[in-house]
Amino acid sequence: MKLLQSMYKTQSVSRFINLILISSSVCIIYLLVSVFLLGTSNPTHVFSSQHDGYIPPTTLEHIVFGIASNKNSWPKRKDYVKLWWKPQQMRGCVFLESLPTADAEANSDNSSSSLPPVCISEDTSRFRYTYRGGLRSAIRVARVVLETVALNHSDVRWYVFGDDDTVFFPENLVKTLSKYDHGLWYYIGSNSEIFEQNRYFSFGMAFGGAGFAISSPLAKVLAKVFDSCIERYPHLYGSDSRVYSCLAELGVGLTREPGFHQYDVRGNVFGLLTSHPTAPLVSIHHLDHMDPIFPNMTTIKALERLFEAAKIDTGRILQQTVCYDRWFSWTISVSWGYAVQVYGKHMHLPDILPVQETFKQWKKGKVLAAAYNFNTRVIHPDPCQRPTIFYLDSASSGRDGIRTHYKKSYQNCTNNMGSPRKLEEIRVLSQKLDLNIKQLMAPRRHCCDVLPSSAGQVMEIAIRECKDEELIHMHP
């Protein structure tokens, strides 16, 4: 009897051990499969609170553009749009009140294959417009928002609006919008550079010429209520004021992005372009009121040169990097893809960052007309006391990175051995700047080094990421 009980106990223990071994094996197999699946999942997909799972990243195909123009300006300004429009990737319309006249079309380049399609705006005569001295076309332009949504494109995440003289940098636009959940209500843009403009129209308004973006779910709701809303605002001046007012009634405020530029200034915008914030360049506006951004070129040719660099490294275009030549005590400011400035003395970084007032104010006479929303510094009246400027001459990409060459802009100043004016060319080496979402959310300026050069008239500079505890200053 005792022998039989012992046999039962042995069998029970054996079964228990087998159960533990089987359970452990199942757990191990499950963990291995989970790790394998996690390792092979696509890391480029992003998570949206609007979807139960992962979705592909935002691309140009997810954006629909609404461009406001008119029959008189479109034949002259379509060349601006050609600079950035990509017919195979972009969707949208240029909205006119009617088709241009035959004479206007005859005097313009009609290669429509490189342009967005033209849409004729709906009649707006039923809406009141009471702003004295204003243009009632502001109502038609405001309704571009509604009519762009009514195009009924599929798979739209963002609607982006601008004028016919707004030049977008498409890849940077995509990068900027990718920071935000397109399933939520967003109104994204920027203010004017002029304090008085913002005070008069509103600091909470995205200025239309700079371009602005509205997320798809918000745009669809706005389109449904837009006509009933603008009936309450016949007294407003512009189209962007009407869009802002209706979004305010929906309870949505402006999300500011510093890469959108209204550029309410005139003349030479060199100071603004060389002091761009540490954010991707998204847009430029008011090109008809600017000097060509490169010397001895037309406005279009100058923009084409800027786009040559942007095609190679869109994310780095206009990004400012500062470094120092310890041997000569020079300070070098690189505005990548545009210009390099060499100061013949040591300057602290905070003294370089303010915008040089190379431009003229938008409106004359008023005291506040020259009050800007950023820090400025006056350029020295003596050209020989100003930095030596080198403008972009060429850009290329190879195995060792990206090379940009900058040639000196000549001024009537006497050279001396310790002056940067003896330099004729600056060569800059960099790597493609492709920031992820976290880096875009918390941007940091890059560092640069002056490299040993065998040629006395050539300076070579390498741009790189700053080290964790590295400070941008003149080292002893």
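This tour moves through the structure one selection at a time and says what is found at each stop.

**The whole chain**

Begin with everything displayed, and keep in mind that this is a predicted model. The chain has 476 residues, of which 47% count as buried, and its secondary structure comprises 13 helices and 23 strands. If you consider the contacts in the chain with a separation of 6 or more, 68% of them are between residues 24 or more positions apart.

**The open sheet of seven strands**

Next, select strands S5, S4, S3, S6, S9, S8 and S10, which in that order make up an open sheet of 7 strands with mixed pairing. As general background, the strands of a sheet pair through backbone hydrogen bonds, and they may run parallel or antiparallel. At the edges of this sheet you will find S5 and strand S10 (255-256), each of which pairs on one side only.

For a closer look at one pairing, select strand S8 (residues 187-189) together with strand S9 (residues 212-215), which run antiparallel and are joined by 2 bridges. Which residue of S9 is the bridge partner of Tyr187? The partner is Ile214.

**Two helices on the sheet**

Keep the sheet visible and add helix H2, which lies across strand S3 (63-68), S4 and S5 and runs at about 155° to S3. Then add helix H6 (residues 170-177), which also packs on the sheet, where it touches S3, strand S6 (158-163), S8 and S9, while its direction makes about 120° with that of S3.

**Helix against helix: H2 and H11**

Two packed helices are described by the angle between their axes and the distance between the axes. With this in mind, select helix H2 (residues 74-84) and helix H11 (residues 299-312), whose axes come within 11 Å and cross at roughly 10°. An angle under 35 degrees counts as roughly parallel, and H2 and H11 are therefore roughly parallel to each other. To see how they meet, show the side chains of Asp79, Tyr80, Leu83 and Trp84 on H2, and those of Thr299, Ile300, Leu303, Glu304 and Phe307 on H11, since these residues make the contact. Sorted by class, the contact of H2 with H11 has 6 nonpolar, 1 polar and 2 charged residues.

**The disulfides**

A disulfide is a covalent bond between the sulfur atoms of two cysteines. How many disulfides does a search of the whole structure find? The search finds 4, and the tour stops at some of them.

Select Cys93 and Cys119, which are joined by a disulfide with an S to S distance of 1.8 Å. The torsion about their S-S bond is about 50°, so this disulfide is right-handed. Cys93 sits in strand S4 (residues 91-96) and Cys119 in strand S5 (residues 118-120), and the pair links distant parts of the chain, 26 residues apart. Both Cys93 and Cys119 are buried.

Move on to Cys229 and Cys246, whose sulfur atoms are 2.1 Å apart in a disulfide. Is this disulfide left-handed or right-handed? The torsion about the S-S bond is about -105°, so the disulfide of Cys229 and Cys246 is left-handed. This pair connects helix H8 (residues 216-230), which holds Cys229, with helix H9 (residues 239-249), which holds Cys246, and the two cysteines are 17 residues apart. Cys229 is buried at a relative accessible area of 3%, and Cys246 counts as buried at 1% relative accessibility.

Now select Cys323 and Cys448, which form a disulfide with sulfur atoms 2.2 Å apart; with -105° about the S-S bond, this link is left-handed. Cys323 lies in strand S13 (residues 320-325) and Cys448 in strand S22 (residues 447-451), so the pair ties together parts that are 125 residues apart in sequence. Cys323, at 3% relative accessibility, counts as buried, and so does Cys448 at 8%.

**A hairpin and its neighbour**

For the last stop, select strand S19 (residues 388-398) and strand S20 (residues 401-408), which run antiparallel and are joined by 8 bridges. A hairpin connects S19 to S20 through 2 residues. Within this pairing, Ala395 has Thr404 of S20 as its bridge partner. Finally, add strand S21 (residues 425-430), which pairs with S20 in the antiparallel sense over 6 bridges, and note that Thr404 stands opposite Val428 in S21.

Methods
Residues are numbered from 1 along each chain as its sequence is written. This is a predicted model: local features need pLDDT of at least 70, side-chain atom pairs count only at pLDDT 80 or more; totals for chains, interfaces and linings use all residues. Side-chain values use heavy atoms; hydrogens and water are left out. Axes are lines fitted to C-alpha atoms, for helices over the stretch in contact, and angles run from 0 to 180 degrees between N-to-C directions. Helices (H or I, at least four residues) and strands (E, at least two) are DSSP runs, numbered from the N terminus. Angles under 35 degrees count as roughly parallel, over 145 as roughly antiparallel, 65 to 115 as roughly perpendicular and the rest as oblique. Contact means heavy atoms within 4.5 Å. Ala, Val, Leu, Ile, Met, Phe, Trp, Tyr, Cys and Pro count as nonpolar, Asp, Glu, Lys and Arg as charged, and the others, Gly among them, as polar. A disulfide is a pair of cysteine sulfur atoms within 2.5 Å. Buried means under 20% relative accessible area, exposed over 50%, partly exposed in between (1.4 Å probe, protein chains only). Two strands pair if DSSP finds at least two bridges between them.
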